[in-house]
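Please open the model in your viewer and keep the selection panel at hand. The tour below moves from one selection to the next and says what is found at each stop.

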Amino acid sequence: MGRVAGGVQGLRIVEVKEESPIWEQIWPVVEQLAQRPYFEADAGHFHSSHVLAAILEDRSVGFLRFVVQRLGEDEGRPPIVFRDRTLYEAKIIAFGVLPEERNRGIGRTLQKEAMRRARALECCQVRSRSDYGNSANYHLKISLGFGIQPSLENDSVYFVMALPAEDRLEFSGGEGA
Ligand SMILES: CC(C)(COP(=O)(O)OP(=O)(O)OC[C@H]1O[C@@H](n2cnc3c(N)ncnc32)[C@H](O)[C@@H]1OP(=O)(O)O)[C@@H](O)C(=O)NCCC(=O)NCCS
């Protein structure tokens, strides 16, 4: 079963709440990938939490969790306001695909759905952290067009994808910069 136009054949990405039967299906995948601490992490500055499950032929094969937070609040920085609105971001804090299902586009599909949901939630960007040496994740993020900010604090980088809403963009009319 391979990738087909528009995605992986038979793959569904669903947003899962704790009360959903699919929630229980995700746990073995989360445990296998040793991501329970990230999956369960909670903090006062989390505005909301969202879990996406990758379902292939009724099996859970991957997951992505992101939280919505005010931009800068996790760093103790003040709000950033654009056109009278405080900016929020989607921070991906857990993400994985079962080893036997990798390299067929499931991670990419999860990332794209996270971007779509983040935009719908009026986030101005998607951000995540990744350790140096995670070649597959780096390849995936860079090929999706994420910007990269090497971190001074730990052996990692932050990946950032801007999500400009149509109404935030102003057309310059083609005049010189
Ligand atoms: C990162 C991860 C989620 C990607 O999932 P996936 O379903 O394999 O992702 P995709 O198939 O959509 O994309 C993987 C890409 O990486 C590429 N890749 C795989 N291994 C690679 C490697 N060692 N070096 C460079 N690129 C690599 C694949 O070719 C593919 O690129 P392509 O689409 O251009 O061909 C998966 O590798 C994983 O679960 N890793 C362990 C957990 C993890 O690291 N999570 C992220 C940090 S928390």
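Begin by selecting Glu122, which sits just after H3 in this predicted model and takes a positive phi of about 65°. From there, step back into helix H3 itself, residues 106-120, and look at the C-alpha atoms at its two ends, which are 21 Å apart; because 15 residues at 1.5 Å a residue should span 21 Å, the helix agrees with what is expected. Within H3, colour the buried residues, which are Ile106, Gly107, Thr109, Leu110, Gln111, Ala114, Met115 and Ala118.

Next, select the ligand and the 19 residues around it, of which Arg102, Gly107, Arg108, Ser135 and His139 come nearest. Strand S8 (88-97) supplies at least two residues of this shell, as do H3 and helix H4 (135-144), and H4 gives the most, with 6 residues. If you colour the shell by class, you should find 6 nonpolar, 10 polar and 3 charged residues.

Now move to helix H1, residues 21-32, and select Ile26, Val29 and Val30, which are buried. They cover an arc of only 100° around the axis, so they lie on the same side of H1. Turn the view to the other side of H1, where Pro21, Glu24, Pro28, Glu31 and Gln32 are exposed.

To see what covers the buried residues of H1, show strand S3 (11-16), helix H2 (36-40), strand S4 (46-56) and strand S5 (59-70), which are among the elements that do so. Finish at Ala34, just after H1, which takes a positive phi of about 55°.

How values were computed
Residues are numbered from 1 along each chain as its sequence is written. This is a predicted model: local features need pLDDT of at least 70, side-chain atom pairs count only at pLDDT 80 or more; totals for chains, interfaces and linings use all residues. A residue is near a molecule or strand if its C-beta atom, placed from the backbone, lies within 6 Å of it. Helices (H or I, at least four residues) and strands (E, at least two) are DSSP runs, numbered from the N terminus. Ala, Val, Leu, Ile, Met, Phe, Trp, Tyr, Cys and Pro count as nonpolar, Asp, Glu, Lys and Arg as charged, and the others, Gly among them, as polar. The expected span of a helix is 1.5 Å times one less than its number of residues. A residue is buried if 20 or more other C-beta atoms lie within 10 Å of its own, exposed if 12 or fewer, and partly exposed in between; C-beta atoms are placed from the backbone. The arc is that of the directions from the helix axis to the C-beta atoms. Two residues are in contact if their C-beta atoms, placed from the backbone, lie within 7 Å.
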